[in-house]
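New to this one? Take a quick look at the structure below, then use the notes under it to find your way around.

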Amino acid sequence: MIILSIGPVGHFRSGWYNIGCSRLKWQPPLRRSRQFHSLPARARFPVNRLSDTTKVEMVNNSNNQKPGSASPPSCIINARPINAADFSPFGVLFVAVGHSATHRHQATHSDTRIETQWATTPPRADYCDIRLMEKHPLSTQAFFPLDVARYLIVVCPDADGQPDSARARAFVADGRTAIQYHQGIWHCNMTALDRPGLFINLVQKNGGPQDCIFMEVTPYRVALN
């Protein structure tokens, strides 16, 4: 069991980059991983892993489509400034000295992974269309900004193993705010706002298909303030 709290951030040698509802951007030095080139509706996808020393999780995320390249969204939700009370059904905020949370997991024969993650920005500054979500059934997941202006958080509860998009919520956090998702919470890949950003990610993994599950959803739009 690991206790997470606000404190000095150390240097980590290697990591992985993840693509949110944003422009695809390649950051060297990383070996190219096999990407998923199609995502059947309601299909689940395990993460794609590389070597033991450099883990790269890259998904050809359908959220990355250019404006006007897909069908209109089913609904629009507004991204609001994040606060602990509104975010509490989905996770924990770290915004001041003394805030803490417990890293929990049920992943057997697993490792606690502390990895860097590069986040890019959406194709447009005024909205982001959501078509793909993910969850970690066996582990909480924490993100600590290293060099971030603002970032977008899109979450929704689980309904019989699928994202309940009708109850999706969207939040905007600044680079002084860290978060931890509860186990099994559906969320979008980390997406930076204003400029690309760098995070540290902490999650438990054992290399199995339950490390991370991806699922397509009926497209909906997040309006950015």
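**The main core**

This is a predicted model, and a good place to start is its largest nonpolar core, which has 20 residues. The members touching the most others are Ala79, Ile130, Met133, Leu152, Val154, Tyr220 and Val222.

- At least two residues of this core come from each of these strands: E7 (127-135), E9, E12 (169-174) and E17 (213-223).
- E17 gives the largest share, with five residues.
- Leaving aside residues up to four places away in sequence, Ala79 touches Leu152, Ala170, Val172, Val222, Ala223, Leu224 and Asn225.

**The other core**

- There's also a second, separate core, made of 18 residues.
- Among its members are Val148, Ile179, Ile185 and Phe199.

**How sure is the predictor?**

- Across the protein, pLDDT averages 76, and 67% of the residues score at least 70.
- Of the elements, strand E9 (residues 150-156) comes out with the highest mean pLDDT, 98, while strand E1 (residues 2-5) has the lowest, 51.
- Residues 5-20 sit below 50 in pLDDT, yet in the model this stretch makes 59 contacts beyond near neighbours in sequence.
- Residues 22-62 are also below 50, and that stretch has 105 contacts of this kind in the model.

**The cysteines**

- You'll find zero disulfides here.
- Cys188 counts as buried, at 4% relative accessibility.
- Cys75 is partly exposed, and its relative accessible area is 34%.

Terms used:
Residues are numbered from 1 along each chain as its sequence is written. This is a predicted model: local features need pLDDT of at least 70, side-chain atom pairs count only at pLDDT 80 or more; totals for chains, interfaces and linings use all residues. Side-chain values use heavy atoms; hydrogens and water are left out. pLDDT is the predictor's confidence in each residue, from 0 to 100. Helices (H or I, at least four residues) and strands (E, at least two) are DSSP runs, numbered from the N terminus. Contact means heavy atoms within 4.5 Å. A disulfide is a pair of cysteine sulfur atoms within 2.5 Å. Buried means under 20% relative accessible area, exposed over 50%, partly exposed in between (1.4 Å probe, protein chains only). A nonpolar core is a set of buried Ala, Val, Leu, Ile, Met, Phe, Trp, Tyr and Cys residues joined through side-chain atoms within 4.5 Å.
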